[in-house]
Amino acid sequence: MNALARHGSIALACLVGLLSAANATAASLDAFFGSYVGVAEVQNASGEVVEQRDMDIVISPSHRRGFKIRWVNVTLVDGRRDLPGVERRISEVVFEPRDGTDFFTEGHEIDPFTSREELAPMAGDPVRWAKLDDDGLHVFSFVVLPDGAYELHTYTRRLTDVGLDLLFERVVDGVVQRRIEGRTVRAD
């Protein structure tokens, strides 16, 4: 077995273990539904703050008892939004419940005019899933890299008295490369 296949097999085994460990039976998603605005600090692998961001997050119900998360990140320049070099990124993902389990997997918005392509994890397509437990709403994104290494993104959103706290980690082959910590307030 070559190194790429071995790393891919190990990475997929880790993924299966994480999926089977997703046994949350905590609070309802309803408490998370809403719009949130806030700020975040991005840290590099050494823990140094390397950038600041404004965040806009919307968590809403989706078809079949699922949910959708849409977020906008604005990377600030010198703590400001009105300077050249500001970056704005929009992301959205839909999750559907898996029957007979306590977790959600990435789904798709219903669009009769587009066809869905099969997911190819060994070709670099991310595998995404989510779970809800007493610690919050957790979203995971797993990718097998071209060299056989793996990359795992974890997002934890915890409810607070005024909004959500966010913790994000980007892990490559077991080493945290990036960490983002943020605070938001509900903006309904």
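**Exercise 1. Overall make-up of the chain**

What percentage of the 188 residues of the chain count as buried? Describe also the order of the secondary structure elements and the range of the contacts in this predicted model.

*Solution.* Begin with accessibility: 38% of the 188 residues count as buried. Next, take the elements, of which the chain has one helix and ten strands, and read along the sequence to find the pattern α-β-β-β-β-β-β-β-β-β-β. Finally, turn to the contacts with a separation of 6 or more, of which 43% are accounted for by residues 24 or more positions apart.

**Exercise 2. Following the strands from β1 to β5**

Determine in which sense the strands β1 and β2 pair, and then follow the pairing onward to β5.

*Solution.* Step one: strand β1, residues 34-43, and strand β2, residues 49-62, are antiparallel partners over ten bridges, with S35 placed opposite V58 of β2. Five residues separate the two strands in their hairpin, and in this turn G47 has a positive phi of about 90°.

Step two: β2 also pairs with strand β3, residues 66-75, again in the antiparallel sense and over ten bridges, and here S62 faces G66 of β3. The hairpin of β2 and β3 has three residues between the strands, and R64 takes a positive phi near 55° in it.

Step three: β3 continues to β4 through nine bridges in the antiparallel sense, where V74 is found opposite R88 of β4.

Step four: β4 and strand β5, residues 103-107, run antiparallel and are joined by four bridges, among whose residues E96 has T105 of β5 as its bridge partner. In the hairpin of β4 and β5, with five residues between the strands, a positive phi near 80° belongs to G100.

**Exercise 3. The nonpolar cores**

Identify which residues of the largest nonpolar core touch the most other members, and trace the surroundings of I59.

*Solution.* The largest nonpolar core has 24 residues, and those that touch the most other members are L29, I59, F67, I69, F95 and L137. Two or more residues of this core come from each of β1, β2, β3, β4 (87-97), β6 (127-133), β7 (136-144) and β9 (164-172). Taking I59 and leaving aside its neighbours within four places in sequence, one finds contacts with F32, F33, G34, Y36, F67, K68, I69, L137, R157 and L164. Another core, of eight residues, lies apart from the largest one and includes W129, F140, F142 and L152.

**Exercise 4. Placing T184**

Decide whether T184 counts as buried or exposed, and list what T184 touches.

*Solution.* First locate T184, which is found in strand β10, residues 175-186. Because its relative accessibility is 5%, T184 counts as buried, the cut-off for this class being under 20%. Then, not counting residues up to four places away in sequence, T184 touches Y36, V37, G38, M55, I57, V162, G163 and L164.

**Exercise 5. The second largest pocket**

Work out how the lining of the second largest pocket is made up by class and which element gives the largest share of it.

*Solution.* The second largest pocket holds about 320 Å³ of space. Its lining has 17 residues, of which R53, W71, N73, Y155 and I180 are the closest to the centre. Two or more lining residues come from each of β2, β3, β4, β8 (150-159), β9 and β10, and the largest share, four residues, is that of β8. Sorted by class, the lining has eight nonpolar, three polar and six charged residues.

Note on methods
Residues are numbered from 1 along each chain as its sequence is written. This is a predicted model: local features need pLDDT of at least 70, side-chain atom pairs count only at pLDDT 80 or more; totals for chains, interfaces and linings use all residues. Side-chain values use heavy atoms; hydrogens and water are left out. Buried means under 20% relative accessible area, exposed over 50%, partly exposed in between (1.4 Å probe, protein chains only). Contact means heavy atoms within 4.5 Å. Two strands pair if DSSP finds at least two bridges between them. A nonpolar core is a set of buried Ala, Val, Leu, Ile, Met, Phe, Trp, Tyr and Cys residues joined through side-chain atoms within 4.5 Å. On a 1 Å grid over the protein atoms alone, a cavity is a set of points where a 1.4 Å probe fits but cannot get out, and a pocket is an open set with protein on both sides within 12 Å along at least five of seven lines; lining residues have an atom within 4 Å of a point. Grid points are joined across faces, edges and corners, and a volume is the space filled by probe spheres set on the points. Ala, Val, Leu, Ile, Met, Phe, Trp, Tyr, Cys and Pro count as nonpolar, Asp, Glu, Lys and Arg as charged, and the others, Gly among them, as polar.
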